[in-house]
Amino acid sequence: MPDQEINLGIVGLGYVGLPLAVEFAKIRSVIGFDIKSSRIDELRLGIDKTLEVEPQEFEDAKHIQFTANIDDLKDCNCFIITVPTPITADKKPDLTPLLAASKTIGSILKKGDIVIYESTVYPGATEDECVPVLENESGLLFNSDFFVGYSPERINPGDRDHRLPSIIKITSGSTPSIANTIDELYKSIIKAGTHKASSIKVAEAAKVIENTQRDLNIALINEFALIFNMLNIDTEEVLLASGTKWNFLPFRPGLVGGHCIGVDPYYLTHKAQSIGYEPEIILSGRNLNDSMSFYIINNLFDEMHNRNLEIKSSNILVMGLSFKENCPDFRNSKIIDLISGLSAKGVIVDCYDPWVNKSQAKDELSIELIDFPKKNKYSAIIIAVAHLEFLEMGPDDIRSLGNEKAIIYDLKYVLPQSSSDLRL
């Protein structure tokens, strides 16, 4: 399929799909599809609640059409699917959104069409799970009537330095010819260039280990923090000292959530277990990172006990709800576990996050965010996210929110060591 003949449709307009659609629409016609009509209504007005696309970018995307009507995609011959791939309650891959999107596209698939997946999956999922759905729905034959590709997303929510065009894109296709076509398609918008993998499985594996590696590195630093706290050594001081060596990796301890790092390793471990291999190191790191909220709670309660502070019915402020700084996304945020754990012990928790939509947090999490913390109210203040607003408040303003014996627990090194009582 020559590049100029591609009629592009993008399925899923969240953190990944919308920036992709907007970037392509600067140079070619694009139909952006999402099943949420409310999302489509907002995008037509140039409103992006994810804050990934600026108003000017909407203006630059002159060739885009937003729709929630699948019939509007019938004239497209190339589809890029960018739907979420979460995990279930028992930490297994949840391919429901991906297979539903495949079924939707399969219903309008034609001879010669290409379907490209960007969602994170385990190696083999595209061809073993998605392709059969496309075949069943369309009645067409894979690699004869239609073709597929995989180009994993590398969006970093809230990151203004690493944007879609400046991140090297991995590409792949189900035949050598289709791989070339897909590679050329992405090259048209990716200034940093592309890396064409030899197979779809290689591209899938490359994506899933990126965040698995990061997860394990953070788990190692978290374990360092647990040890150093027991030895009464400040972890940040140790990391800064070690960081003077050129090849020391600059990871920091903390809660590991979000829709990637806290999820993707389970896709790889699921596949490994299905072929008879038990991935001990990956799961050990995951278990440690998932347990950090309980460690933080117990550490805080120990300090409150040492200071003769009542735990039950005490007022505790949690600063931040999103899974990372300067970002409104709270999907799989481990701060949710922190709030639940505190509340279960009878604590009255106030949560303040200037980035997160209050109504969305209430509807999806049953968490009522406060407008702004009251002064002299709290027995403990947990700085859980390093939002710019919290950095700008500084030690004195944050300290003023607590009562005379208040404990400041800085999880993100927002404050100097001398201005906090507990740190990771």
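## A tour from Asp350 to the cores

Start by selecting Asp350: its relative accessibility is 12%, so it counts as buried, the cut-off being under 20%. Keep in mind as you go that this is a predicted model.

Asp350 sits in strand S10, which runs over residues 348–352. Now add Tyr378 to your selection: the side chains of Asp350 and Tyr378 make a polar contact at 2.7 Å. To fill in the surroundings, show Ile316, Leu317, Val318, Ile370 and Lys377 too; along with Tyr378, they are what Asp350 touches once residues up to four places away in sequence are set aside.

Next stop, the largest nonpolar core, with 36 residues. Which of them touch the most other members? Pick out Leu73, Ile81, Ile105 and Val115. Colour the elements that give this core two or more residues: strands S2 (30–33), S4 (78–81), S5 (114–117) and S6 (147–150), plus helices H4 (96–106), H5 (125–138), H7 (200–230) and H9 (264–274). H5 supplies the largest share, 4 residues.

Zoom in on Ile81. Beyond its neighbours within four places in sequence, Ile81 is in contact with Val11, Leu98, Ala101, Ser102, Ile105, Val115, Ile116, Tyr117, Glu118 and Ser119.

There's a second, separate core as well, made of 33 residues; select Leu321, Ile335, Leu369 and Tyr409 to see some of its members.

Finish at H9. Its buried residues are Asp264, Pro265, Tyr266, Tyr267, Leu268, Thr269 and Ala272. What do they pack against? Show H7 and helix H10 (280–290). Just past the helix, click on Gly276, which follows H9 and has a positive phi, near 90°.

How values were computed. Residues numbered from 1 in each chain as written. Predicted model: local features only at pLDDT ≥ 70, side-chain atom pairs only at ≥ 80, totals over all residues. Heavy atoms only, no water. Core = buried A, V, L, I, M, F, W, Y, C linked by side-chain atoms within 4.5 Å. Buried < 20%, exposed > 50% of the residue type's maximum accessible area, 1.4 Å probe, protein only. Contact = heavy atoms within 4.5 Å. Polar contact = N/O pair within 3.5 Å; in protein donor to acceptor, adjacent residues only side chain to side chain.
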